[in-house]
Amino acid sequence: QVQLVESGGGLVQPGGSLRLSCAASGSIFSINAMGWYRQAPGEQRELVASITSGGSTNYADSVKGRFTISRDNAKNTVYLQMTSLKPEDTAVYYCNAFLRVLAWSSVRTYWGQGTQVTVSS
């Protein structure tokens, strides 16, 4: 069974920083892309940033230059360093991973339980 566990959310003032972490554990053969999504109240879930196993990254326009995604393949962990946070960054942040549990299995997507990020003075 695969689990994705996020940590690092919380309350921060505008202009502040937070670092989110997401560790994947369980029966995992390989992990392809990993990413972070967010969902604000009344809004659809949106992609924040993603990173491939080779390290190629992709960011939403709204976070470019402020957020940095990285991963530690040896630890099956993805990080999101968030700086210059704005009130509009307030949302529940979800970790996502595309992975195989066996060498011959198809790639499936897994989600974490979400962590709240609130940017407010």
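This section describes the aromatic, disulfide and arginine contacts of a predicted model.

A search of the whole structure for paired aromatic rings returned 1 aromatic pair. The pair is formed by Tyr 37 and Trp 111, whose ring centres lie 5.0 Å apart and whose planes are inclined at 65 degrees, an arrangement classed as edge-to-face. Because Tyr 37 belongs to strand β4 (residues 30–39) and Trp 111 to strand β10 (residues 108–111), the pair ties together parts of the structure that are 74 residues apart in sequence. Trp 111 has a relative accessibility of 36% and is therefore counted as partly exposed, since that class lies between the limits of 20% for buried and 50% for exposed residues.

Trp 111 is also approached by a charged side chain, as Arg 45 lies over the face of its ring at 4.7 Å from the ring centre. The charged end of Arg 45 sits, in addition, over the ring of Tyr 94, where the distance to the centre is 3.7 Å. Arg 45 is thus placed over the rings of both Tyr 94 and Trp 111, and the latter ring is in turn the partner of Tyr 37 in the edge-to-face pair.

The structure further holds 1 disulfide, in which Cys 22 is joined to Cys 95 with a separation of 2.0 Å from S to S. The angle about the S-S bond is -80 degrees, and the link between Cys 22 and Cys 95 is accordingly described as left-handed. Cys 22 is located in strand β3 (residues 18–25) and Cys 95 in strand β9 (residues 91–100), so that the pair ties together parts 73 residues apart in sequence. Both ends of the link are buried, with a relative accessible area of 0% for Cys 22 and likewise of 0% for Cys 95.

A second arginine, Arg 71, is found in strand β7 (residues 67–72). With a relative accessibility of 18%, Arg 71 counts as buried, because the value falls under the 20% limit for that class. When residues up to four places away in sequence are left aside, the residues touched by Arg 71 include Ile 31, Asn 32, Ala 33 and Met 34, together with Ile 51, Thr 52 and Ser 53, and also Thr 77, Val 78 and Tyr 79. Among these neighbours, Asn 32 offers its backbone oxygen to the side chain of Arg 71 at 2.7 Å, while the backbone oxygen of Ile 51 is reached by the side chain of Arg 71 at 3.3 Å. Between Arg 71 and Arg 19, which are 52 residues apart in sequence, the distance from C-alpha to C-alpha is 12 Å.

Methods. Residues numbered from 1 in each chain as written. Predicted model: local features only at pLDDT ≥ 70, side-chain atom pairs only at ≥ 80, totals over all residues. Heavy atoms only, no water. Phe/Tyr/Trp six-rings, centres within 6.5 Å; stacked < 30°, edge-to-face > 60°. Helix = DSSP H or I, 4+ residues; strand = E, 2+ residues; numbered from the N terminus. Buried < 20%, exposed > 50% of the residue type's maximum accessible area, 1.4 Å probe, protein only. Lys NZ or Arg CZ within 6 Å of the ring centre and 35° of its normal. Disulfide = S-S within 2.5 Å. Contact = heavy atoms within 4.5 Å. Polar contact = N/O pair within 3.5 Å; in protein donor to acceptor, adjacent residues only side chain to side chain.
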